[in-house]
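Dear colleague,

I am passing on the structure we spoke about, with its sequence, so that you can look at both before reading my notes.

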Amino acid sequence: MILFGTMAALAGRLEGQVGLDLLSATSKAEGPGTGPSENLSAHELGIRVKARFRELDDRLRVELDYAGREPIAGTYRNTSRRLLYEAQVSYQLVPERLTVGFGRFAAQAPTFLLVDGLNLTYTSKTFSAGVFGGRRGVSSSLATLGPKDWLPAFGGWFGFHVERVQAQATVVYQTDRVRVASAGNGRWLEDDVGGLQAQVRVS
């Protein structure tokens, strides 16, 4: 179920989406050595919330994107997962040209990268460029990192677009918290690794 909403706030414009889903899974094993219970079940509720607030002739924006899954019943429950994909305030210093943003955002990177920090973007008719810097907010295994987990992430990109041709070059340094092995009871042995990434795309 997905709900959409748009309303004029006291000042500006507020748009939002709310999505709900219910996942139910069951399994039955009748062979020998099936353990204490031959019936396994898991039921969980998923939620997705997106919101965008625009003000000052669209120059000021506040954007939110959250997704979560919560176990609600069953003999074999999954663990909760709560991910904040975006929580950013941005402002156009120069209308339609130069924008600065602060908060959590999806960075321009060759791989999945959510950053807590600052970003600056410039756009014109023929080219665009941007830089960002901060710390990684979510690991590649979709685990939320705490405020004390400082895994640096920064980079920049440059692109140009003319008739029928688009090109972009991106260079990023990022650190990730990688799960090495299971430690039991839902815990993991982890290691922090960092590296430089570069990508060039032409279409």
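Below is what was found, taken up in the order of pockets, aromatic rings, nonpolar core and backbone.

Please keep in mind throughout that this is a predicted model.

The largest pocket encloses about 480 Å³ of space. Its lining is made up of 23 residues, and those closest to the centre are Gln88, Thr99, Asn119, Thr121 and Trp157. Five strands each bring at least two residues to this lining, namely S4 (60–73), S5 (81–94), S6 (98–106), S7 (114–123) and S8 (127–138). Sorted by class, the residues of that lining are eight nonpolar, nine polar and six charged.

The second largest pocket holds about 350 Å³, and 15 residues line it, with Thr79, Ser80, Arg81, Leu142 and Arg179 lying nearest its centre. Strand S5 gives the most to this lining, contributing three residues, while the division by class is four nonpolar, five polar and six charged.

Turning to the aromatic side chains, the structure contains four aromatic pairs. In one of them, Tyr122 and Phe127, the ring centres are 5.7 Å apart and the planes meet at 35°, so this pair is classed as tilted, an angle under 30 degrees being needed for stacked and one over 60 for edge-to-face. Both rings belong to an aromatic cluster formed by Tyr122, Phe127 and Phe158. Tyr122 is partly exposed, at 33% relative accessibility, and Phe127 is likewise partly exposed, at 30%.

The largest nonpolar core consists of eight residues, which are Phe105, Ala107, Ala109, Leu113, Val115, Phe132, Ala153 and Val172. Within this group, Ala109 is in contact with Val172, and it also touches Thr170, if its neighbours within four places in sequence are set aside.

Finally, two backbone positions deserve a look, given that most residues other than glycine have a negative phi. Asp58 has a positive phi, near 75°, and is placed in the loop between strand S3 (39–55) and S4. Its relative accessible area is 29%, so Asp58 counts as partly exposed, the limits for that class being 20% and 50%. Glu96 also has a positive phi, near 65°, and sits in the loop between S5 and S6; with a relative accessibility of 59%, over the 50% limit, Glu96 counts as exposed.

With best regards

Terms used: Residues numbered from 1 in each chain as written. Predicted model: local features only at pLDDT ≥ 70, side-chain atom pairs only at ≥ 80, totals over all residues. Heavy atoms only, no water. 1 Å grid on protein atoms, 1.4 Å probe; cavity = no way out; pocket = protein on both sides within 12 Å on 5 of 7 lines; lining within 4 Å. Points joined across faces, edges and corners; volume = space filled by probe spheres on them. Helix = DSSP H or I, 4+ residues; strand = E, 2+ residues; numbered from the N terminus. Nonpolar A, V, L, I, M, F, W, Y, C, P; charged D, E, K, R; others polar. Phe/Tyr/Trp six-rings, centres within 6.5 Å; stacked < 30°, edge-to-face > 60°. Buried < 20%, exposed > 50% of the residue type's maximum accessible area, 1.4 Å probe, protein only. Core = buried A, V, L, I, M, F, W, Y, C linked by side-chain atoms within 4.5 Å. Contact = heavy atoms within 4.5 Å.
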